Amino acid sequence: EELVRLGLSRPNAARVDRTGSGDADPATELLERASSQLLAALAVCRPELVADRVGLELGTSSGGMHAATRLLAARARGEGVSAELARDATYFAPFVEVRSGLRRAGLTVSRSVQLVTACAASTWAIGVGLAWLRRGLVDVAIVGGYDALGLFVAAGFEALRATSASLPAPFRI
């Protein structure tokens with residue numbers, strides 16, 4: 001495990017297996033996979049969704065930090081960086097990509113916000129989505145949260161004791 005090799009004593013966190021290339025930004029990959037699964041499910045249970053006003057509200061602690069860390073490491077080694085990596089290294093890049101993907105799928109994303117409020121970000125996102133629905137600002141709210149686990153982010157979560165020395169079992173009873 002890379003995080004153990006890099007010196008973390010509590011290197012475990014709940015993760016999604018990656019299917020993309022090693023160069024793909026993990027936050028963007030996670031959001032793209034979640035979006036495609038969500039769109040497939042919505043197409044079955046709400047086929048009229050394309051006519052709805054959709055709100056997208058996502059929370060994050062780390063945003064595009066994983067790509068930013070890769071960009072800074074390449075620059076420190078004196079290497080050039082690709083335009084794609086530079087684009088992915090912005091804090092909002094994963095969010096912008098998922099919003100664009102929803103629009104490419106034909107949805108009318110009438111409101112979209114990314115909240116950056118540390119560990120409470122996804123909870124805030126749910127609350128904002130609910131407020132939009134209650135006020136009639138959107139017909140459907142897509143809400144949630146995401147974080148990509150790289151060394152910088154993992155070290156921060158470890159310092160907060162938000163990682164585990166054993167394999168986690170999220171949502172267990």
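Biologist: How many salt bridges does the count come to?

Modeller: The count comes to 6 salt bridges. Keep in mind that this is a predicted model.

Biologist: OK, which residue does Asp139 form a salt bridge with?

Modeller: That would be Arg53, with the closest N and O atoms 3.1 Å apart. Asp139 sits in the loop between H6 and S3 while Arg53 belongs to strand S1, so this pair ties together parts that are 86 residues apart in sequence.

Biologist: Is Asp139 buried, exposed or partly exposed?

Modeller: Partly exposed, because its relative accessible area is 33%. Arg53 gets the label partly exposed too, at 32% relative accessibility.

Biologist: And what does Arg46 meet in a salt bridge?

Modeller: The side chain of Glu48, at 4.0 Å from N to O. There's a bit more to that spot: Arg46, Glu48 and Asp52 are linked in a network of salt bridges.

Biologist: How accessible are Arg46 and Glu48?

Modeller: Arg46 has a relative accessible area of 27%, so it is partly exposed. Glu48 comes out at 42% and counts as partly exposed as well.

Biologist: What about Glu79, which side chain does that one meet in a salt bridge?

Modeller: The side chain of Arg77, with 2.9 Å from N to O. Arg77 is exposed, since its relative accessible area is 55% and the cut-off for exposed is over 50%. Glu79, at 39%, is partly exposed.

Biologist: Let's zoom out. How many helices and strands does the protein have?

Modeller: There are 7 helices and 3 strands. Starting at the N terminus, the order is α-α-β-α-α-α-β-α-β-α.

Biologist: What share of the residues counts as buried?

Modeller: 35% of the 173 residues. As for the outside, the accessible surface is about 10100 Å², and carbon and sulfur atoms make up 58% of that.

Biologist: And the contacts, how much of them comes from residues far along the chain, say 24 or more positions apart?

Modeller: Counting contacts with a separation of 6 or more, such residues account for 74%.

Biologist: Switching to helix H2. What span should its 20 residues have?

Modeller: H2 covers residues 26–45, and at 1.5 Å a residue it should span 28 Å. The C-alpha atoms at its ends are 29 Å apart, which agrees with that.

Biologist: Which residues in H2 are buried?

Modeller: Pro26, Ala27, Thr28, Glu29, Leu31, Ser35 and Leu42.

Biologist: What do those buried residues pack against?

Modeller: Two strands and two helices show up there: S1 (53–60) and S3 (140–146), plus H3 (65–76) and H5 (93–104).

Biologist: Why would residues three or four places apart in a helix point the same way?

Modeller: Because an α-helix has 3.6 residues a turn.

Biologist: New topic, aromatics. How many aromatic pairs does the count come to?

Modeller: Just 1 aromatic pair. Tyr91 and Phe92 form it, edge-to-face, at 6.0 Å centre to centre with 70° between the planes.

Biologist: How accessible are Tyr91 and Phe92?

Modeller: Tyr91 is at 25% relative accessibility, so it counts as partly exposed. Phe92 is at 41% and is also partly exposed.

Biologist: Which residues make a nonpolar surface patch with Phe92?

Modeller: Val96 and Val116, and the patch is about 230 Å².

Biologist: Where is Val116?

Modeller: Val116 is in the loop between strand S2 (108–115) and helix H6 (121–134). With 40% relative accessibility, Val116 counts as partly exposed.

Definitions and conventions: Residues numbered from 1 in each chain as written. Predicted model: local features only at pLDDT ≥ 70, side-chain atom pairs only at ≥ 80, totals over all residues. Heavy atoms only, no water. Patch = residues over 30% accessible without salt bridge, like charges linked within 9 Å, V, L, I, M, F, W, Y side chains within 5 Å. Areas by Shrake-Rupley, 256 points an atom, 1.4 Å probe, with all protein chains shown as cover. Helix = DSSP H or I, 4+ residues; strand = E, 2+ residues; numbered from the N terminus. Buried < 20%, exposed > 50% of the residue type's maximum accessible area, 1.4 Å probe, protein only. Expected span 1.5 Å × (residues − 1). Contact = heavy atoms within 4.5 Å. Phe/Tyr/Trp six-rings, centres within 6.5 Å; stacked < 30°, edge-to-face > 60°.
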